Amino acid sequence: MSSTTDDADTSPEVMLQFYRMLYPFKSLFTWLNHEHIPTKLFTHREFAFTLQGDVYLRYHSFNTAEDLKKQVLSLNPTRFEIGPMYSAKPRDKKTVRSSAFTPQKRELVFDIDMTDYDGVRTCCSAADICSRCWGFIAAAVKVLHSSLVDQFGFRHLLWVYSGRRGIHLWISDPQAMDLTDDQRRALVSALTVVEGGKEMVKKVNVRMSNKSLPPSLWGALSILRKLFNPLVLDDQDCFGSEDGWETLLQLIPDQAIVETLRTEWSKHPARPSAQKWDDLGTFLNKTQGIEHQRLFFALEDIILQYTYPRLDAEVSKHRNHLLKAPFCVHPKTGRVCVPVDPTNVDRFDPRGVPTVTQLLRELDAAGEGADWEKTSLKPYVEMLDRHTMGLMEDVRKTRRANYNAFYGYPDPWHLDVILLENMTTMSTTQPSVAPSSTAPSPSSMSETVSDTSTLLFGFLVSALSIFAIFMTSAVIWNRLVARRRAIDAMLAVNAPRESQRLYQPTMWEVWAMPCERPPPWLDVKPVAAQNCVCPASSLQSTQTEQAVSFWRHHILSRVPPEITYLFQQPIPHASSASRDTDMAQAELSDGSDLQISLLISMPRAQPTQQGNYEHRHTLHEMVFATTNILYHDPAPS
């Protein structure tokens, strides 16, 4: 369905009705904010407005979707654009220092414009677009979407039709939002293949030193091989005219083949592009060796040059670049900038996109009180909402995972709590008493017993409810306080239990001892050391090299002279009784506890010229990093 002159009407009256009745401000808010409650992703986000007469207003920000809608209705812009999240609110830009006003987060955006394909498309030119030349945009979407998902791991990609002759891509993954300008520039450079202006014939120069394509382009080439014949050869017939085949021949490296084909094609100018491409394939099969390889690589480059995405790199390189918001109206065509499904991009027809006047007619037909849900805009808004739901679900999972990792246990607010509900309706009927007699009748006695039972049952249910609330509070208290205290108490002990096997983080103690002489390490007892009786023979620092066990020799041989490790004999896994008996005869095994302390000795003061030490400083030896490790001796001596 092509747009008529009336459908392209974007007068101020039409735009005001569109913003008031149809624009999905709430959907736009949740998409930019990633949550239902306003965060800095929205409140510190820049909005820019283009008013009638090309008046441009920047650095606006809003707290809620309603605030944004009020401002849009007040200004009635022809369109508005979205920028980055700044370190301060953009509306306060004039009140903060320039160094304190910098872009922090921004979606990674791409812009593909059909005018960049004017050198290869034959059906339209300049600002015109049709379903045939849309095939180039469809090929670009398939290749770029596949590369960003498979190679960079992005998941939340929103494609939006620009309203006239192009398409925009918004990537909202947290990793993409945090990219710096340098990182964005490097990413865009990796995705840019077609470069050069109109004066440059060969625009693909990405081959490596061995003339092969980079592995990052193998997947793109596989996709484009399937699209090249139906798009470039059959539909566009890019080599049908003399200018078209001359451009093709300039990309062939073998001059003999070029002259032969030029002569042949000049004799048969009506020869279609598919047959001319087959002629090149025939020469490719005839060549061998290096000539075959050069021609084969040239044909691959031709496929890339005609079909690979042509990116507007400047849009993607900088976080402070503004891009038109989804669901805005293009002032030249009247079409709405609607989301596009990348899996069905082939079937997307830009001329079938609803226009603003068409939507208003549908709204009038739906009756009073109708909104976008009663118009052809509904499937596009729902597409944005589905995209936002996936984004918000990932944000929720990430936050919950970070919470669990920080506290070491599940989120206490997601406990399964059994709630008891009182399903009994208490009777409000008062017991009846016979007016003619002071004695109660049998019927009144039965009613009294029934009421008493009801009250008793209600009391029991209330007591059980209070007990359930108490138990629930106890569970929450245990999760929030008692368990945290127990974990802190375990972590405060430097030597963990054998059964824990150092699953808890290591805690360090600090202990300093002033002394007049450097004490031997046998005498040092750090406060964090395990109190155990060790045979003196195993601790003497004068042990011979043969008597030193493997674990001690292995560590001491790698310690600088300024640092000394203090050891206690490894304790085998055994009962407490056997451990306190004869440690010298205990046989070590993997998993024994090894007490290691790190000792740093500060140097003594130098003696004076008279040779005395009256003014010398007291020597301090500081023991820190005292901990237990699990002993493992792969080759004990």
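Colleague: Are F49 and F80 buried or exposed?
Modeller: The model is predicted, so local features need pLDDT of at least 70 and side-chain atom pairs count only at 80 or more, while totals for chains, interfaces and linings use all residues. Residues are numbered from 1 along each chain as its sequence is written, and side-chain values use heavy atoms, without hydrogens and water. Buried here means under 20% relative accessible area, exposed over 50% and partly exposed in between, with a 1.4 Å probe and protein chains only. On that scale F49 and F80 are both buried.

Colleague: What kind of aromatic pair do F49 and F80 form?
Modeller: Rings of Phe, Tyr and Trp (its six-membered ring) pair if their centres lie within 6.5 Å; planes under 30 degrees apart are stacked, over 60 edge-to-face, the rest tilted. There are 24 aromatic pairs in the structure. For F49 and F80 the centres are 6.0 Å apart and the planes meet at 45 degrees, which makes this pair tilted.

Colleague: How many residues apart in sequence are the parts that F49 and F80 tie together?
Modeller: Helices (H or I, at least four residues) and strands (E, at least two) are DSSP runs numbered from the N terminus. F49 belongs to strand β1 (residues 45-51) and F80 to strand β3 (residues 79-86). The pair therefore ties together parts whose separation in residues is 31.

Colleague: What kind of pair do F239 and W277 form?
Modeller: F239 and W277 are both buried. Their ring centres are 6.5 Å apart, with 15 degrees between the planes, so this aromatic pair counts as stacked.

Colleague: Which helix holds W277?
Modeller: The partner, F239, lies in the loop between α8 (218-235) and α9 (242-249). The pair ties together parts 38 residues apart in sequence, because W277 lies on residues 273-286, helix α11.

Colleague: Which residues do ring pairs link into a cluster?
Modeller: F49 and F80, the tilted pair, are both members of this cluster. With them, ring pairs link F18, Y19, Y23, F25, F29, F42, F47, F62 and F327.

Colleague: Where does L460 lie, and is L460 buried or partly exposed?
Modeller: L460 is placed in helix α16, residues 442-492. Its relative accessibility is 46%, so L460 counts as partly exposed.

Colleague: What share of the protein chain counts as buried?
Modeller: The protein chain has 18 helices and 13 strands. Of its 637 residues, the share that counts as buried is 40%.
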